[in-house]
Amino acid sequence: MNASILYVDLTSGQSRVERDEALFREFMGGTAVATELLFRHGDPKGDALAPEAPVIFAIGPFNALLPVATKTVSLFMSPLSGELGESHAGGRLSMALRDAGIDALVITGRAKAPSYLTIENETVAVKSAATFWGQSALATDRILREAESRSGRKVSILRIGPAGERLSPIACATVDGSRHFGRLGLGAVLGSKNLKAIVASGTRTPPIARPKEYKAVYDTLYDRVVRSKEMKKYHDLGTSSNIVPLSLIRGLPTRNFTQGHFEGAEAISGERFAKDFLVQHTACAHCQCGCIHMAELREEFAPYHYSTNRISYDYELLYAMGSMLSLSNPEDILRLLLFTEKQGWDVISLGGTLAWATESFLRGTLSADATEGLTLSFGDGATYMAVLERIARGQGEFYRDLERGSAWCSEKWGGTDWAIHYGRVEPGGYMTGENFAVTSLMGVRHSHLDDSGYSADQKLLNAPKPVEDQVKDQVRDARWRMVMNSLIVCLFARGVYDETVILQGLDALGLSWDGPGLEKLGERALARKYEWKRLCGFDPEAVRMPEKMYSVQTSTGMIGRESLARRLALYREHTGLQDGKTPR
Amino acid sequence: MGVKYLRVVNRDRCIGCFSCMYACSRMVRNSMGSGKASMRVRSYAGLEGAFSIRVCARCAHPDCASACPTGALITAPGGGVRLDKDLCISCKTCVKACAISALQWDEEEKQPLPCIHCGQCVRYCPNDVLALVEDGGTEATPS
C-alpha cells in the first residue's frame with residue numbers, strides 16, 4: 001500500500017496527492033478507510049447534491065494482488081436515503097487505481113461544464129465532456145475507450161448515463177463491462193458535479209514484500225477459486241440459479257412482495273437463461289471465477305434484419321425486472337434491462353418503484369390521468385417499456401417522479417403502505433423472513449449484502465435456532481463483512497477467504513495484522529458507520545417496516561410485529577446501539 | 001523435449017480476467033501488478049466480451065530483432081528473442097515492429113519484455129485458453 005489519497009476539486013480543477021500511512025495502518029483500506037475520510041470531509045447534515053459533498057473511492061491491500069480481490073468501495077451522501085451512501089463495484093477499477101498507485105480518491109466540487117476526469121498515475125486532468133453529455137452509459141464507454149486508449153495498458157472507465165445527468169436518486173455509476181456502483185444514487189451525485197466519467201490507468205508495479213510467501217498464498221487462493229466448490233455456483237449458472245429454489249420456498253418476491261412463489265420462475269430461471277440466452281461469461285480484472293453472465297438478445301427490427309445486444313443478468317436483476325413485475329418472458333426482461341443499462345438506473349430500485357406503481361394503479365390510488373393513458377398491469381412488458389421511455393424523455397409529471405424511487409413517489413402519489421422500501425431504499429430480492437427484515441432495516445447500507453440474513457432465514461427451514469443466536473450471527477457477519485470490504489475481496493469469495501489465509505496474505509504483503517486486530521477492525525468500522533448514520537439522522541429505534549410486509553407470507557411464515565421488534569432490540573443490544581448510545 | 005511454443009488455443013473461452021498477465025508478472029518478473037507481463041489480453045470498445053490474446057509468436061526470423069538498431073534482441077534457438085539489456089537504448093523500435101502487438105514494453109525499465117515461453121500463464125488460466133505446444137507451426141497465434 002502506498003497509503004496515497006488523491007484529492008480532486010472539480011470547482012478549481014486542482015488536485016493533490018497526500019500520503020496518510022497512519023490512516024491505512026489503523027483502518028487497513030477499503031470501506032473502513034473510506035468511512036474515516038467521510039468523517040473528515042463530509043457533512044452529515046449537508047445536501048447530497050451540493051458541490052462540497054465528497055465522493056470517496058477506496059481500495060484495500062488485496063486489490064489486484066490476490067484472486068477475486070476486485071471491488072472498489074464508494075462512499076457518499078445518498079440522495080435516495082439521505083444518509084450514508086455506500087456502493088461497491090468490480091470491473092477493472094480497483095486494478096486501475098492500484099496501477100496508478102492510488103489507494104483512495106476524494107472528489108469534491110462541481111465542474112463548470114460537463115466534464116470527465118482522467119487519472120494516469122499521478123497525472124490528473126479534467127477534460128470537456130460537452131460532446132457526449134447526454135449519451136448512454138454504453139455509448140460513453142465506447143467513446144472513451146477509444147479516446148483514452150493507452151497502448152498495452154488496462155484502462156478502467158466509470159461513467160453515468162442520462163439518469164445520473166438528470167440527478168435521479170436511483171441513478172447508478174457503471175464501471176467497465178456491466179459492473180455498477182448500483183445502489184443509493186452515486187450516479188446523481190456525480191451528475192451534480194457535472195462529472196460524466198472517470199478514466200483511470202497506471203503503470204506502477206510495486207515490489208513484493210515477501211515474494212515466496214506471496215506466491216504461496218496466491219496459489220492457495222487460486223486453487224480454491226478455480227478447483228474447489230466454493231465459487232462453483234457463481235462460476236456455473238451464477239446467482240440466477242437461486243430463482244427456482246427461492247420460489248419453491250416462497251422467498252422470491254413476486255408482484256411487489258405479494259407472495260414469494262412466482263409461477264413463471266422456471267421460465268426466468270438461471271437454467272432457462274443458460275439454455276437459451278447465455279453466450280459468454282466475463283470477469284472482473286483478476287477474478288478467475290468469471291461470474292458475469294452475458295445474455296444475447298436478437299431481435300428482428302425489419303423483415304430479415306436483426307439487432308443484437310449483449311446484456312448481463314443475475315439473480316437480483318431477474319427479481320427486480322422479472323418476478324416483481326410478473327414478467328416471465330426473458331426477452332421482455334432483457335429489453336428492460338438493456339434500456340436500464342443505457343440510462344444508468346439502479347435496477348433494484350427501478351423495479352421496486354415500477355412494482356409500487358403497478359400495485360397503486362391496480363388498487364385505484366393511481367389514476368389513468370396520472371399515468372397519462374398508460375394502463376399498468378403486472379406481466380405487461382410492452383407497457384413497462386413505454387414507462388421507461390417516458391421516464392427517459394421526462395414526459396409527464398408522474399414519469400419524472402418515478403425515477404425518484406418508491407418512497408418519494410408514495411409520499412406524493414399515495415400508497416405508502418405498499419411502497420416496499422427500508423430507510424427509503426428498495427430491498428434485494430428476498431422474502432425469506434425476519435432475518436432479512438433485520439438486514440434491510442438495520443444494515444448500514446440497507447442492502448441484502450450487509451449480512452447473510454436471507455441465507456439465515458433459509459437455513460431455519462431445516463435447522464431451528466434460538467432467535468438471539470440468529471441475531472448474534474447477523475451482527476458477527478456484518479462485522480466480518482467490514483473486514484472483507486476493507487481488503488477488498490468480492491463477497492462471492494467469502495468462502496474462499498478465511499481468517500488464516502487473510503492473515504497469510506497480509507503478512508506476505510508486509511502488513512502487520514493478527515486475528516484480534518481483524519476482529520477489532522470489523523467491530524470498529526461497523527460502529528463508525530452507525531455513528532455517521534446517526535449524525536445524518538438515522539434513528540435505530542425508529543426503523544419502520546413497509547406495512548404490507550406484515551400481511552404477506554414469507555419462507556418462514558408471517559413477520560410478527562412483536563417478534564420483529566424483539567429481534568431489532570437484540571440487534572441494537574449486540575451492536576451496542578441501544579439507548580441511543582453511539583457505539584465505540 | 002523439443003522447443004516449447006506458447007499458443008492461444010481457445011480464444012473464445014477467454015473471460016478477460018487477466019490472470020495470465022498477473023501470472024507472468026508475478027512468476028517471471030517478481031512483480032505484483034500485471035504491467036510487466038510479456039503478453040496482453042486486449043478488449044475492444046463496445047464489444048462486450050470480445051477478447052484478443054496477444055502472445056509472442058516465437059518467430060524464426062523475428063521482426064522485433066531485425067528492427068533493433070543495436071542488436072539488443074537476439075534470436076533464440078527455436079525462434080523468439082532474448083534481450084541483452086546492456087545493448088538496449090530504449091528506443092522502442094522493437095515493440096513497434098511487432099505487427100501483432102505481442103512484444104510488451106516495461107514502462108519502468110524502459111525496455112522490452114520478451115516472452116520466454118515458460119508456460120506460467122498457462123498454469124494460471126482458468127479456462128485453458130493458452131497452451132504450451134511442441135510444434136509451433138500448427139496452431140495459429142495471435143487469436
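The following exchange between a trainee and a mentor goes through the interface, the cores and some of the salt bridges of this predicted model.

Trainee: How many residues of chain B are in contact with chain A?

Mentor: The area buried between chain B and chain A is about 3100 Å², and carbon and sulfur atoms give 53% of that area. On the other side of the boundary, 41 residues of chain A take part in the contact, and the number from chain B is 33.

Trainee: Which residue of chain B forms a salt bridge with A:D219?

Mentor: The count of salt bridges between chain B and chain A is one, although the interface also has 11 residue pairs in polar contact, both residues being at pLDDT 80 or more. In the salt bridge of A:D219 the closest N and O atoms are 3.8 Å apart, which is within the 4 Å cut-off because the rule asks for a side-chain nitrogen and a carboxyl oxygen no farther apart than that. The partner of A:D219 is B:R123.

Trainee: Which element of chain B gives the most to the side that touches chain A?

Mentor: At least two residues each come from helix 1 (19–29), strand 2 (40–44) and strand 3 (47–54) of chain B. By character, the residues on this side of chain B divide into 14 nonpolar, 11 polar and eight charged. The element that gives the most, with five residues, is helix 1 of chain B.

Trainee: Which helix supplies the largest share of the largest nonpolar core?

Mentor: That core has 179 residues, and those with the most contacts inside it are A:F62, A:I107, A:L402 and A:Y497. The largest share, eight residues, comes from helix 13 of chain A, residues 347–363.

Trainee: How many residues are in the other core, the one that includes B:M21?

Mentor: This core lies apart from the largest one, and among its residues are A:A285, B:M21, B:I53 and B:C125. Its number of residues is 23.

Trainee: Is A:T353 buried or exposed?

Mentor: A:T353 has its place in helix 13 of chain A, and, leaving aside neighbours within four places in sequence, A:T353 is in contact with A:L402, A:G405, A:S406, A:C409 and A:E426. The side chain of A:T353 also reaches the backbone nitrogen of A:S406, at 3.2 Å. Because its relative accessible area is 1%, and the cut-off is under 20%, A:T353 counts as buried.

Trainee: Why are A:R363 and A:E359 separated by about one helical turn?

Mentor: A:R363 forms a salt bridge with A:E359, with the closest N and O atoms 2.8 Å apart, and A:E359 is buried at a relative accessible area of 7%. The separation is about one helical turn because the two lie in helix 13 of chain A and their spacing there is four residues.

Trainee: How many residues apart are A:D401 and A:K412?

Mentor: A:D401 and A:K412 form a salt bridge whose closest N and O atoms are 2.8 Å apart. A:D401 is buried, with a relative accessible area of 6%, whereas A:K412 counts as partly exposed at 40%. The pair links helix 15 (residues 397–402) to helix 16 (residues 406–413) of chain A, and the two residues are 11 residues apart.

Trainee: What is the N to O distance in the salt bridge of A:K232 and A:D236?

Mentor: A:K232 is partly exposed, with a relative accessible area of 45%, and A:D236 is also partly exposed, at 34%. Their side chains meet in a salt bridge with an N to O distance of 2.7 Å.

Notes: Residues numbered from 1 in each chain as written. Chains lettered and ligands numbered in written order. Predicted model: local features only at pLDDT ≥ 70, side-chain atom pairs only at ≥ 80, totals over all residues. Heavy atoms only, no water. Contact = heavy atoms within 4.5 Å. Buried area = accessible area lost by both parts, 1.4 Å probe. Polar contact = N/O pair within 3.5 Å; in protein donor to acceptor, adjacent residues only side chain to side chain. Nonpolar A, V, L, I, M, F, W, Y, C, P; charged D, E, K, R; others polar. Core = buried A, V, L, I, M, F, W, Y, C linked by side-chain atoms within 4.5 Å. Buried < 20%, exposed > 50% of the residue type's maximum accessible area, 1.4 Å probe, protein only.
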